Amino acid sequence: MMFNVRHYERLGSTNDEARRLAAEGAEHGTVVHADEQTAGRGRLARTWFSPAGNLYLSLVLRLETPPARRQELSFLASLAVADTVDAMLPKHVRAMLKWPNDVLIAGAKIAGILIEQADDATIAGIGLNILHTPASAGYKTTSIVASGGLASVDGARDILLDRFGKRLAVWQANGFGPVRDAWMERAHPIGASLRVMVSGETVEGAFGGLDTDGALLLDVPGGRQRVVAGDVGVV
Ligand code: BTN
């Protein structure tokens with residue numbers, strides 16, 4: 001797939017600039033890359049620590065897939081980020097995935113993914129810690145350099161775009177099945193204890209797998225629960 005990278009020294013949020021460009025008709029494969037963000041956004045209305053030295057980019061995607069299937073993209077994106085991280089770290093280190101789209105190295109978060117819908121375009125925002133980690137995120141964090149890797153931000157961007165393009169092609173040709181399988185293979189094992197925020201409340205259970213649409217299956221004392229969006233901590 002062809003990417004058209006637009007590079008900026010500083011933006012509020014690359015997702016916001018990607019939305020603006022999408023509204024102006026930016027084509028599929030437009031990439032907004034900023035050296036730093038002054039108003040980086042995370043999931044659940046959090047801010048995303050965005051000093052120069054890490055990777056911040058947003059892809060404009062124009063997909064034929066029905067809107068109900070767009071959440072599958074967050075699994076695809078996390079796999080592409082995990083592929084990228086693995087390529088930059090020593091061979092014995094492997095990125096692990098946490099539902100819905102966290103990429104972890106030894107339990108510490110190294111990247112964040114924020115997928116948003118902007119009219120008929122989908123914006124896939126990805127932040128990858130290369131040099132810096134936030135001082136107090138409320139959870140463990142790491143970076144490529146802190147994990148023993150070596151990378152330039154532009155090098156990381158190019159690897160990420162390559163891996164994203166490959167994962168997207170498989171998804172478009174074969175659907176969610178292979179993405180789901182690859183995600184499960186890298187995720188917490190079946191039965192792992194998870195703590196999930198469901199509409200502001202914490203629910204604890206055992207990981208029962210991913211449903212065919214990407215929903216989390218959580219085994220709780222009362223039975224099996226389907227969780228569509230939330231915040232999971234591997235306990
Ligand atoms: C999360 O909360 O884990 C998601 C964080 C997503 C951060 C990226 S950085 C590039 C893009 N622009 C933003 O404002 N957010 C995303």
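A polar contact is a pair of N or O atoms within 3.5 Å. With that cut-off in mind, the surroundings of the ligand in this predicted model can be read from a few atom pairs, which are set out in the table below.

| Ligand atom | Partner in the protein | Distance |
|---|---|---|
| oxygen | N or O atom in the side chain of Ser13 | 2.7 Å |
| nitrogen | N or O atom in the side chain of Gln37 | 3.0 Å |
| nitrogen | polar backbone atom of Arg41 | 2.7 Å |

On its own the ligand has 410 Å² of accessible area, and the protein covers 99% of that area.

**The shell around the ligand**

There are 19 residues around the ligand, and those that come nearest are Ser13, Thr14, Arg41, Arg43 and Lys109. By class, the shell divides into 10 polar, 6 nonpolar and 3 charged residues. Several elements contribute to this shell, with at least two residues supplied by each of α1 (14-23), β3 (55-61), β6 (108-118) and β7 (121-128). The largest share comes from β6, which provides 4 residues of the shell.

**The pair of helices α3 and α4**

Two packed helices are described by the angle between their axes and the distance between the axes. Helix α3 spans residues 153-174 and helix α4 spans residues 176-186, and their axes come within 7 Å and cross at roughly 130 degrees. An angle over 145 degrees would count as roughly antiparallel and one of 65 to 115 as roughly perpendicular, and α3 and α4 are therefore oblique to each other. On the α3 side, Arg167, Val170, Trp171 and Asn174 take part in the contact, where they meet Phe176, Gly177, Pro178, Val179 and Ala182 of α4. Sorted by class, this contact of α3 with α4 has 6 nonpolar, 2 polar and 1 charged residues.

**Two backbone features in loops**

Most residues other than glycine have a negative phi, and most peptide bonds are trans. Against that background, the peptide bond from Trp99 to Pro100 is cis, with omega near 0 degrees, and Pro100 has its place in the loop between β4 (96-98) and β5 (102-105). The other feature concerns Ala106, which is not a glycine and yet has a positive phi of about 45 degrees; Ala106 lies in the loop between β5 and β6.

Conventions. Residues numbered from 1 in each chain as written. Predicted model: local features only at pLDDT ≥ 70, side-chain atom pairs only at ≥ 80, totals over all residues. Heavy atoms only, no water. Near = heavy atom within 4 Å. Polar contact = N/O pair within 3.5 Å; in protein donor to acceptor, adjacent residues only side chain to side chain. Areas by Shrake-Rupley, 256 points an atom, 1.4 Å probe, with all protein chains shown as cover. Nonpolar A, V, L, I, M, F, W, Y, C, P; charged D, E, K, R; others polar. Axes fitted to C-alpha atoms, helices over the stretch in contact; angles between N-to-C directions. Parallel < 35°, antiparallel > 145°, perpendicular 65-115°, else oblique. Contact = heavy atoms within 4.5 Å.
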